[in-house]
Amino acid sequence: MGRKPDPAKPHSGVRSVSPKAGRRAQPSPVFLGAALFVLGFVSLFTGHIVTDADWSRIRSRWRSNQVRNNGPIDIWKSRYSNLYYGCSGRSPKLRSAVPENGSTGYLLIGTSGGLNQQRIGITDAVVVAWILNATLVVPELDHHSFWKDDSDFSDIFDVDWFISYLSKDVTVVKSIPYEVMTSMDKLPWTMRAPRKSMPEFYIDEVLPILMRRRALQLTKFDYRLTNELDEELQKLRCRVNFHALRFKKSIQNLGKKLVRRLRIMSSRYVAIHLRFEPDMLAFSGCYYGGGEKERKELAEIRKRWDTLPDLSAEDERTRGKCPLTPHEIGLMLRALGFGNETYLYVASGEIYGGEETLRPLRELFPNFYTKEMLAGDDLKPFLPFASQLAAVDFIVCDESDVFVANNNGNMAKVLAGRRRYMGHKRTIRPNTKKLNVLFQARNQMDWDRFSQKVKKIQRGLMGEPDYTRHGRDDFHEMPSSCICQRVPANRSVTTQTEKLTAQVRLTTRIL
């Protein structure tokens with residue numbers, strides 16, 4: 001029987017730096033004079049002098065606020081993006097993969113949902129296998145969800161690369177060996193873990209069954225592992241999501257071909273992930289202005305889910321839970337400063353209302369393209385497979401200069417996290433709650449006033465490296481443990497003026 005894992009958490013001597021960056025503000029002479037007085041006065045009575053650690057922390061907060069609150073930003077690229085990079089290297093202190101013949105058993109995973117929901121499940125499955133000292137069997141993809149896609153793991157991802165890349169962390173096999181299956185007294189045990197379970201759940205509840213039965217399957221495996229993990233396990237998540245999960249060659253080739261065709265027409269483009277399918281709108285419980293016809297159609301679709309509560313469309317919109325319409329996304333982009341010459345790539349499924357719904361967005365941005373328009377006959381082999389089509393969209397969206405989504409679904413989250421990790425490419429997160437209020441008052445103001453308000457609403461949600469919401473963001477969207485900060489080559493040691501300014505700010509709080 002395999003070794004039982006040590007529940008003690010791994011530790012690393014290397015810590016990633018919280019993303020903070022900004023412009024250096026210059027204090028005025030009057031401020032410096034006041035600073036000298038306050039510094040001397042406070043030091044006389046308290047003896048408190050700012051340490052380098054104090055200064056570093058205060059400077060980060062101060063400069064971060066300078067970035068977020070002052071001046072216009074480049075809508076195409078953050079000026080601070082080159083100061084940050086993905087850092088998910090494996091620590092030598094992290095326990096290595098356990099050989100197959102020494103593991104606690106075989107862990108089978110049944111994923112759930114669409115491509116990106118399954119991607120999250122696969123990422124977490126690798127971490128759970130590490131926690132359990134188990135051998136991971138290549139996860140089984142969901143063939144029974146709304147999309148009815150028969151694709152297997154190897155139809156979408158490079159399975160050999162997946163196994164090889166993770167070999168130092170977790171042993172992965174394509175299937176349970178035949179001789180092991182025939183020697184088992186019973187079929188693998190099947191169970192479902194609670195959502196966002198802690199590592200202790202897997203050690204206390206899953207491990208004993210796995211060791212007793214030699215094989216265990218976890219079903220509906222999506223968001224079944226907590227966001228709050230040791231830093232080295234978070235980095236393992238990043239290695240899986242951003243490196244090990246590589247699309248197979250045929251999907252990569254088509255995605256890159258579409259990017260090249262866009263780049264021939266324009267040096268830069270905006271990608272929009274537009275979720276506006278009938279089932280998605282019905283699930284949201286929102287109303288989009290289509291009259292009684294819309295209400296009846298969406299209500300009928302909503303009957304598919306027996307457990308959905310009755311929702312007030314008005315309340316959902318007030319709470320910011322309603323996805324923006326294609327027209328609203330277009331208005332937001334134009335108000336932020338993207339001109340009608342901007343090239344758009346729109347990744348979407350079936351749009352409720354079809355071309356009529358898309359017309360306002362096309363009028364705002366005539367250079368409007370989809371995978372169907374760009375790929376032509378090259379898309380035919382992929383048409384029966386929704387997840388493979390989603391993978392093509394994923395590549396083109398990931399390669400875009402700017403990415404925006406009208407929803408906060410799994411693809412939006414995974415892409416936002418990947419784009420942060422891969423160099424903080426501009427990723428816009430619409431403030432739907434405030435924008436919905438503004439759109440309702442759109443006819444009460446001129447365009448300049450409307451644009452000014454949109455820019456104000458979106459400040460802090462434009463994908464700047466310093467923007468974080470600690471404790472509120474899903475790790476797959478904000479992989480902060482895997483993002484490090486570079487020290488600029490021309491960055492000198494802290495100046496006396498900067499230290500003096502910080503001393504004043506700190507001692508003011510003490511007084």
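**Notes on two parallel sheets and their helices**

1. Five strands make up an open sheet with the order β9-β8-β7-β10-β11, and the pairing is parallel. The edge strands are β9 (368-369) and β11, each of which pairs on one side only. Please keep in mind as you read on that this is a predicted model.

2. Let's look at β10 and its neighbours. Strand β7 (residues 270-274) pairs with β10 in the parallel sense over four bridges, and I272 has V404 of β10 as its bridge partner. With strand β11 (residues 426-428), β10 pairs in the parallel sense over three bridges; here F403 has T427 as its bridge partner in β11. The route from β10 to β11 goes through helix α17 (residues 410-421), and this β-α-β crossover is right-handed.

3. Which way do the side chains of β10 point? In a regular strand, side chains alternate between the two faces of the sheet. Strand β10 (residues 402-405) shows this split: V402 and V404 point one way, F403 and A405 the other way, and all are buried.

4. Two helices are worth viewing against this sheet. Helix α16 (residues 386-398) lies across β7, β8 (344-348) and β10, and runs at about 150° to β8. Helix α17 also packs on the sheet, where it touches β7, β10 and β11; its direction makes about 155° with that of β10.

5. A closer look at α17 is rewarding. Its twelve residues reach 17 Å from the first C-alpha to the last, close to the 16 Å expected at 1.5 Å a residue. Eleven of the twelve residues are buried, so α17 is largely enclosed by the rest of the structure. You may like to check the charged side chains in your viewer: K413, R418, R419 and R420 are among the buried residues, as are M411, V414, L415 and Y421. After the helix comes G423, with a positive phi near 125°.

6. Now for the other sheet. An open sheet of five strands has the order β4-β3-β2-β6-β5, with parallel pairing. β4 (172-173) and β5 stand at its edges with a single partner strand each, so one side of each is left without a neighbour in the sheet. Within this sheet, β2 and strand β3 (residues 135-137) run parallel and are joined by two bridges, and L107 stands opposite L136 in β3.

7. Which helices pack here? One of them is α3, which lies across β2, β3 and β6 and runs at about 160° to β2. Another is α7, which packs on the sheet and touches β2, β5 and β6, its direction making about 135° with that of β6.

8. Helix α7 (residues 199-213) deserves its own point. At 1.5 Å a residue, its 15 residues should span 21 Å, and the end C-alpha atoms are 20 Å apart, which agrees. Do note the bend, though: a kink of about 45° lies at V206, shortly before the proline P208.

9. What covers the buried residues of α7? The cover includes β2 (106-109), α3 (115-132), β5 (189-191) and β6 (215-218). Among the buried residues of α7 are P199, F201, Y202, I203 and L207; V206, where the kink lies, is buried as well. Just after the helix, R214 takes a positive phi of about 75°.

Technical notes: Residues numbered from 1 in each chain as written. Predicted model: local features only at pLDDT ≥ 70, side-chain atom pairs only at ≥ 80, totals over all residues. Heavy atoms only, no water. Expected span 1.5 Å × (residues − 1). Bend = angle between axes of the 7 residues up to and from the residue. Buried < 20%, exposed > 50% of the residue type's maximum accessible area, 1.4 Å probe, protein only. Contact = heavy atoms within 4.5 Å. Pairing = 2+ DSSP bridges. Right-handed = clockwise from strand over helix to strand, strands pointing away. Axes fitted to C-alpha atoms, helices over the stretch in contact; angles between N-to-C directions.
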